[in-house]
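Colleague: Teach me how to read a model like this one, feature by feature. Put it on the screen and I'll ask as we go.

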Amino acid sequence: MGLKFTTSYLEDSISLFRFYKKMAEGAMEQVTEDQLCAVLDSEMNSIAVTVKHMTGNMRSRWTGFLTTDGEKPDRNRDSEFVDPPAGREALMKLWEEGWNRVFSALEPLSEADLSRTVQIRGEAHSVMQAINRQLAHYACHTGQIVLLAKHFQHKNWKSLSVPRNQSAAFNQRVAKGQASQR
């Protein structure tokens, strides 16, 4: 399936959020339960801790998106980096709850809403700036999840994008409208 052409900022942003969600899920599906909680060193976060942090951020940023500060007073960000949910099922439930908040906040918006003002930690952002901020944040953490999963799976890794040494074939599929990087 080819990329859907759009000039709608909101449509494209939602598409990108879905892309990063799917990419992280594709990575998490490839690791074992133990690998979800494994770290490479004492300064690293595990996949599970990264998911817990992302979903804490999602709850804070997207609940009352247009009407309340994106840094909720009851958020304890530091606690997001310890004690992840026990088990894949609990982790994925938390993951889905977080993403449901993202899409529930974004899907009702109109292009006119992009110039509205929202607050994050008391700083004024246009809605567009707030969306861009979260896209960048989630892309960064998706990359961390993919890196860890790829490291753990090594030779068993199944590419989530263009497989190594298959760029020409992939480009041909894109040219025929059969594939897209997204």
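Colleague: Let's start with exposure. What is the relative accessible area of Ser79?

Modeller: First, a caveat: this is a predicted model, where local features need pLDDT of at least 70, side-chain atom pairs count only at pLDDT 80 or more, and totals for chains, interfaces and linings use all residues. Residues are numbered from 1 along each chain as its sequence is written, and side-chain values use heavy atoms, with hydrogens and water left out. As for exposure, buried means under 20% relative accessible area, exposed means over 50%, and partly exposed is in between (1.4 Å probe, protein chains only). Ser79 has 30%, so it counts as partly exposed. Ser79 sits in the loop between α3 and α4; helices here are DSSP runs of H or I with at least four residues, strands are runs of E with at least two, and both are numbered from the N terminus. The C-alpha atom of Ser79 is 9.2 Å from that of Lys52, 27 residues apart along the chain.

Colleague: And Ser13, why does that one count as buried?

Modeller: Ser13 counts as buried because its relative accessibility is 3%. Ser13 belongs to helix α1. Skipping residues up to four places away in sequence, Ser13 touches Ile131 and Leu135, where a contact means heavy atoms within 4.5 Å.

Colleague: Next, the core. Which residues have the most contacts inside the largest nonpolar core?

Modeller: Such a core is a set of buried Ala, Val, Leu, Ile, Met, Phe, Trp, Tyr and Cys residues joined through side-chain atoms within 4.5 Å. The largest one here has 41 residues, and those with the most contacts inside it are Phe17, Ile47, Trp62, Phe65, Trp99, Val102 and Ile131. Two or more residues of this core come from each of α1 (9-29), α3 (47-62), α4 (88-106), β1 and α5 (127-153). Take Val102: leaving out residues up to four places away in sequence, Val102 touches Phe17, Met58, Trp62 and Tyr138.

Colleague: You mentioned β1. Which of its residues are on the covered face?

Modeller: In a regular strand the side chains alternate between the two faces of the sheet. In β1 (residues 117-120), Val118 and Ile120 form the covered face, while Thr117 and Gln119 form the uncovered one. Strand β1 runs antiparallel to β2 (residues 123-126), and 4 bridges join the two; strands pair if DSSP finds at least two bridges between them. Within that pairing, Ile120 has Glu123 as its bridge partner. The hairpin has 2 residues between the strands, and there Arg121 takes a positive phi near 55°.

Colleague: Where else should I look for positive phi?

Modeller: Asp83, not a glycine, has a positive phi of about 50°. Asp83 lies in the loop between α3 and α4, and its relative accessible area of 64% makes it exposed. His154, in the loop between α5 and α6, has phi near 45°. His154 is exposed too, with a relative accessible area of 59%.

Colleague: Now the empty space. How many cavities of 30 Å³ or more does a search of the whole structure find?

Modeller: Rolling a probe the size of a water molecule over the atoms shows where empty space is left. On a 1 Å grid over the protein atoms alone, a cavity is a set of points where a 1.4 Å probe fits but cannot get out; a pocket is an open set with protein on both sides within 12 Å along at least five of seven lines; lining residues have an atom within 4 Å of a point. Points are joined across faces, edges and corners, and a volume is the space filled by probe spheres set on them. The search finds 1 cavity of 30 Å³ or more, and the largest cavity has a volume of about 50 Å³. Among its lining residues are Trp62, Phe65, Val118 and Ile120. Strand β1 gives the most to that lining, with 3 residues.

Colleague: What is the volume of the largest pocket?

Modeller: About 720 Å³. Its lining has 23 residues, and Phe19, Lys22, Ser180, Gln181 and Arg182 are the closest to the centre. Helix α1 gives the most to this lining, with 8 residues. The second largest pocket has about 230 Å³, and its lining includes His154, Trp157 and Arg164.
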